[in-house]
There are 2 protein chains.
Amino acid sequence: MPTAPDLTPQTAPVTVLGDPAFKLLADPTRAKILAFLLDPVQSCCSRSDGICGCDLETFLGVSQPTVSHHMKALVEAGLVTAEKRGRWVYYDLVPERFRTLGDALLDVARRVEDARKPSPIQLGGLPQSA
Amino acid sequence: MPTAPDLTPQTAPVTVLGDPAFKLLADPTRAKILAFLLDPVQSCCSRSDGICGCDLETFLGVSQPTVSHHMKALVEAGLVTAEKRGRWVYYDLVPERFRTLGDALLDVARRVEDARKPSPIQLGGLPQSA
DNA sequence: TCGATGGATAGATGTAGGTCAATGTGTGGT
DNA sequence: ACCACACATTGACCTACATCTATCCATCGA
C-alpha cells in the first residue's frame, strides 16, 4: 500500500463531492420521504398547515422511531427543516441545499465535457492525453 | 406500525431520488477518485493516455483491491467507464450521468420554490396548505 | 391534574459496506 | 517459457446504519 501524496486543492463546486447528504439521497425510505414532502399524498396528510411526522409514518408504513431517525438525519444534513408547532413537528424541504448539490454535479458534467472538446485555439495545458 | 398506502406516482426527475449512485458520491475515498478523474494530479499519472488503476492507488494511498472495489462500484453505477488497453484499465467520468443526477436535484429545488411563490392567478391545486 | 397524542431517545439486532492480506487471472517483455 | 506488472476476486474484519421494541419527554384537552 503506497502512501498518499498531497491532496488536490479542487475548486469550490467539486468540494461538495463526498458530502454526507448524498448518502441520504440514496436510501429508498428517505427518497420516499423527500418525494412526499415535494408532492404530498393528500390521503396521508392529517393536518392542513404542513407535513408532520405522523403523516410520514402513515405514508411510509414504518415505525415512528424510524421516521424520527430519518428526519433527524435529513435535518442535520440541511436537506429539510423541522419546526415544532404545538404537539407536531412540521417538515419542509430546503431548496437551496438541493440546488447546491445539483449545481455541483452539473459542474462536474460541464467540466468533463469542456475538457473533451477543447477550443481550436489551444491555450492551456494538454487536453487530457498528450 | 401502520401499513403503507399507495405509492405516489412521481414524475420522472423525482424518480432518481433513491438512486444508489448518490451513495457512492458520499464516500470520501470515491469523492477523491472522482475529483482526480476530473482534474488529475500530474505527479500521480504514470501514463500519458489516461488514468489507470495504479495511478489511483498512488494518489489515494489505499490498497489495490480497495481501488478495484470502488471502481467496480462506480462503473456499475454508470458514473465512470472502464476500458482495458493492454495491461491497464483506463477510467473516465460519464458526464451524462452526473448531469442526470444534478438535473434531478435542481428540479426538486425548482419545484419547492415554485410551490412557495404561487402565481397570482391560481390555476392548479392548493398551494401546499389549504 | 390526568390521560392521550406526537415525537425523541436508548438499546438490540441484522445487514451493508469499506478496508485489508492473500491469491487468482491476464498481458507483455525477455 | 518464464517473470513482472496491472487488475480482479476471495475471505476476513470492523464499522456504519436501517429498523424494531420499549421507554421517556412534551404538549394539549378534559
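The following paragraphs describe a predicted model, beginning with the fold of chain A and ending with the surface near DNA strand D.

In this predicted model, the secondary structure of chain A consists of 6 helices and 3 strands, which succeed one another along the sequence in the pattern α-α-α-β-α-α-β-β-α. Of the 130 residues in chain A, 43% are buried. Helix H3 of chain A is mostly covered, with 8 of its 11 residues buried; these are A:Arg30, A:Ala31, A:Ile33, A:Leu34, A:Ala35, A:Phe36, A:Leu37 and A:Leu38. At the start of H3(A), the backbone nitrogen of A:Thr29 is approached to within 3.0 Å by a side-chain oxygen of A:Asp27.

Helix H6 of chain A, residues 95-116, has 22 residues, for which a span of 32 Å is expected at 1.5 Å a residue, and the 32 Å between its end C-alpha atoms agrees with that value. The buried residues of H6(A) include A:Pro95, A:Arg97, A:Phe98, A:Leu101, A:Gly102 and A:Ala104 and, further along the helix, A:Leu105, A:Leu106, A:Asp107, A:Val108, A:Ala109 and A:Val112. In chain B, helix H6 (residues 95-116) likewise has 22 residues and reaches 32 Å from its first C-alpha to its last, close to the expected 32 Å. Among the buried residues of H6(B) are the charged residues B:Arg97 and B:Asp107, together with B:Phe98, B:Leu101, B:Leu105, B:Leu106 and B:Val112.

Aromatic side chains form 3 pairs over all chains. In one of these, the ring centres of A:Phe22 and B:Phe22 lie 6.1 Å apart and the ring planes meet at 10°, so the pair is stacked. Because A:Phe22 belongs to helix H2 (residues 20-26) of chain A and B:Phe22 to helix H2 (residues 20-26) of chain B, this pair joins two chains. A:Phe22 and B:Phe22 are both buried. A further pair is made by A:Phe36 and A:Phe59, whose ring centres are 4.4 Å apart and whose planes stand at 20°, so this pair is stacked as well. The A:Phe36 and A:Phe59 pair links distant parts of the chain, since A:Phe36 is in helix H3 of chain A whereas A:Phe59 is in helix H4 (residues 53-60) of chain A, 23 residues apart. Both A:Phe36, which is listed with the buried residues of H3(A), and A:Phe59 are buried.

Charged side chains also lie over aromatic rings. The charged end of A:Arg85 sits over the ring of A:Tyr90 at 3.9 Å from the ring centre, and in chain B the face of B:Trp88 is covered by B:Arg47, at 3.8 Å from the ring centre. A:Tyr90 itself lies in strand E3 (residues 88-93) of chain A and, with a relative accessibility of 3%, counts as buried. Although A:Tyr90 and A:Cys54 are 36 residues apart in sequence, their C-alpha atoms are 9.8 Å apart in space. A:Gly78 occupies the loop between H5 and strand E2 (80-85) of chain A, where its relative accessible area of 24% makes it partly exposed. The C-alpha atoms of A:Gly78 and A:Leu93 are 8.8 Å apart, with a separation of 15 residues in sequence.

DNA strand D is surrounded by 25 residues, of which the closest are A:Lys23, A:Thr66, A:His70, B:Cys54 and B:Ser68. By residue type, the surface near DNA strand D divides into 9 nonpolar, 9 polar and 7 charged residues. Sugar or phosphate accounts for 70% of the atoms of DNA strand D within 4 Å of the protein, and bases account for the rest. Phosphate oxygens of DNA strand D are approached from both protein chains: a polar side-chain atom of A:Thr29 lies 2.7 Å from one such oxygen, a polar side-chain atom of A:Ser63 lies 2.8 Å from a phosphate oxygen, and a backbone N or O atom of B:Val89 lies 3.0 Å from a phosphate oxygen. The elements that contribute two or more residues to this surface are, in chain A, helix H3 (28-38) and helix H5 (64-76) and, in chain B, helix H4 (53-60), helix H5 (64-76) and strand E3 (88-93). A:Thr29 thus appears twice in this description, at the start of H3(A) with A:Asp27 and at a phosphate oxygen of DNA strand D.

How values were computed:
Residues are numbered from 1 along each chain as its sequence is written. Chains are lettered from A and ligands numbered from 1 in the order in which they are written. This is a predicted model: local features need pLDDT of at least 70, side-chain atom pairs count only at pLDDT 80 or more; totals for chains, interfaces and linings use all residues. Side-chain values use heavy atoms; hydrogens and water are left out. A residue is near a molecule or strand if one of its heavy atoms lies within 4 Å of it. A polar contact is a pair of N or O atoms within 3.5 Å; within protein, one must be able to donate a hydrogen and the other to accept it, and residues adjacent in sequence count only if both atoms are side-chain atoms. Helices (H or I, at least four residues) and strands (E, at least two) are DSSP runs, numbered from the N terminus. Rings of Phe, Tyr and Trp (its six-membered ring) pair if their centres lie within 6.5 Å; planes under 30 degrees apart count as stacked, over 60 as edge-to-face and the rest as tilted. Buried means under 20% relative accessible area, exposed over 50%, partly exposed in between (1.4 Å probe, protein chains only). A charge sits over a ring if NZ of Lys or CZ of Arg is within 6 Å of the ring centre and within 35 degrees of the ring normal. The expected span of a helix is 1.5 Å times one less than its number of residues.
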